[in-house]
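Student: I am new to this model and want to check each label against its rule. Please show me the structure.

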Amino acid sequence: MTETFTPAPLDRDAVTYVAGHRGLVGSAIWRLLGEQGFGRLVGKSSKELDLKDRDATFEFFAETKPKYVVLAAAKVGGILANNTYPVDFLSDNMRMQVNALDAALANDVERVLFLGSSCIYPKLAPQPIKEEYLLTGHLEETNDAYAIAKIAGILQIQAVRRQYGLPWISAMPTNLYGPGDNFSPEGSHVLPALIRRYDEARRDGHDTVTNWGTGSPRREFLHVNDMAEACLHLLEHYDGPDQVNVGTGEDSTIKEIANVVADVVGYTGQIEWDTTKPDGTPQKLLDVSKLAESGWTAGIGLREGITSTVEWYREHVDSIRT
Ligand SMILES: NC(=O)c1ccc[n+]([C@@H]2O[C@H](COP(=O)([O-])OP(=O)(O)OC[C@H]3O[C@@H](n4cnc5c(N)ncnc54)[C@H](OP(=O)(O)O)[C@@H]3O)[C@@H](O)[C@H]2O)c1
């Protein structure tokens, strides 16, 4: 099946279901779609609609009849959570996405955007990672359960395209950060973890902060508002079976990122690196040329994005997931 980039604006008056609208990605998509004039957005918390519950999911789709669906609901976590709860990451994610995608098919949803993640590419994929490297090598062992679930979701999108000819698509975001992120010590990814650690060290007057590893691995980070823009761009312009990488196309060392965070939060103490702890893959950078060719590139720089995220974190520190 060939890929096409054809401009086709979404109908702003159609019912649009953002699954996971209270999460990091879903809330950014929800905000953007609201700003862009989508007047019939539908969102449900996991308490109101548990997507693991197949009957409830089918009932919701039959009642709501969305025309468009963004599937940003998932069980998501950092390396610790993934490594500790592989059954949950596999089983919960499989059930959520199978139920939502089956219900979307049964209810003739026109456009679906499914979200994968750059961490599901092979562990030793050449850098920068191109879309076609999916399923070409062994997965990172610490999150293989999550990766298998997500890969199954991408394949389900491709299968629906093949079997039913529907223009459903998948995106493959790099590491994301921004307002609404998970800052909990157990569940968070590296950037929110650094923000919390440095801001608490500044607040409590600690003179040393110790991070895991050497600080030399290179990572790419995309602000979630950029991610939301890219999602809308893909929904309106992309119609192809391959998942599309979404990132900035630029990476930094963890040490450089930690220094920016320390500077932005105003932490002036020592930064130490516990080199007895693992570093993970030396580099993880997406090749975003496909997305760039379609006319979208990221607009929010790392320092600017970290600064606004720190502001958001401080404003919401009492109410966020900690
Ligand atoms: N964060 C990243 O760096 C990153 C990077 C690449 C890809 N992604 C992908 O982006 C997607 C969203 O991630 P995120 O970071 O936004 O995660 P998140 O902040 O943890 O949000 C996940 C959302 O999923 C909902 N959810 C969880 N279990 C559910 C259930 N059983 N039924 C219904 N809803 C459920 C949650 O709803 P409640 O809040 O109501 O419980 C929450 O709104 C995922 O597919 C993830 O793989 C994220």
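Student: Which residue is the bridge partner of Phe114 in β6?

Tutor: It is Ser170. Two ground rules before we go on. The numbering starts from 1 along each chain, as its sequence is written. The model is predicted, so local features need pLDDT of at least 70, and side-chain atom pairs count only at pLDDT 80 or more, whereas totals for chains, interfaces and linings use all residues.

Student: What makes β5 and β6 a pair?

Tutor: Strands pair if DSSP finds at least two bridges between them. Three bridges join β5 to β6, and the two run parallel. They therefore meet the rule for a pair. A strand here is a DSSP run of E with at least two residues, a helix is a run of H or I with at least four, and numbering goes from the N terminus.

Student: What joins β6 to β12?

Tutor: Three bridges, again in parallel. One of the links pairs Met172 with Asn245 of β12.

Student: Which strands make up the open sheet of six, and in what order?

Tutor: The order is β3-β2-β4-β5-β6-β12, with parallel pairing.

Student: Why are β3 and β12 said to stand at the edges?

Tutor: Each has a single partner strand, so one side of each has no neighbour in the sheet. β3 covers 41–42 and β12 covers 244–246.

Student: Which strands does helix α4 touch?

Tutor: Helix α4, residues 86–106, packs on the sheet and touches β2, β4 and β5. Contact means that two C-beta atoms, placed from the backbone, lie within 7 Å. The direction of α4 makes about 170 degrees with that of β4. Such angles run from 0 to 180 degrees between N-to-C directions, on axes fitted to C-alpha atoms, for helices over the stretch in contact.

Student: Why is β6 called largely enclosed?

Tutor: Take the rule first: a residue is buried if 20 or more other C-beta atoms lie within 10 Å of its own, exposed if 12 or fewer, and partly exposed in between. Five of the five residues of β6 are buried, so the label fits. Ile169, Ala171 and Pro173 point one way, while Ser170 and Met172 point the other.

Student: How many residues of β14 are buried?

Tutor: Zero of its five residues. That is how β14, residues 270–274, comes to be hardly covered. Even so, β14 pairs with β8 in the parallel sense over five bridges. One of the bridge partners is Gln270, matched with Thr208.

Student: Why is Asp108 called exposed?

Tutor: Asp108 has 12 other C-beta atoms within 10 Å. The cut-off is met, so Asp108 is exposed. Asp108 lies in the loop between α4 and β5. In sequence, Asp108 and Leu166 are 58 residues apart, yet 9.2 Å separates their C-alpha atoms.

Student: Why does Asn211 count as partly exposed?

Tutor: Asn211 has 19 other C-beta atoms within 10 Å. That value falls between the two cut-offs, so the label is partly exposed. Asn211 belongs to strand β8, residues 208–212. Leaving aside neighbours within four places in sequence, Asn211 contacts Ala258, Ile271 and Trp273.

Student: Why does Arg22 get the label partly exposed?

Tutor: Arg22 has 15 C-beta neighbours inside 10 Å, so it too sits between the cut-offs. Arg22 is in the loop between β2 and α1. Not counting residues up to four places away in sequence, Arg22 touches Ser27 and Ser45.

Student: Which residues are closest to the ligand?

Tutor: Gly20, Gly23, Val25, Ser45 and Ser46. In total, 25 residues surround the ligand. A residue is near a molecule if its C-beta atom, placed from the backbone, lies within 6 Å of it.

Student: Which element gives the most to that shell?

Tutor: α1, with three residues.

Student: Which residues touch the most other members of the largest nonpolar core?

Tutor: Ala19, Ile29, Leu71, Val112, Leu113, Met227 and Cys231, in a core of 85 residues. Such a core is a set of buried Ala, Val, Leu, Ile, Met, Phe, Trp, Tyr and Cys residues joined through C-beta atoms within 7 Å. Beyond four places in sequence, Val112 touches Val69, Leu71, Leu101, Ala104, Ile157 and Trp168.
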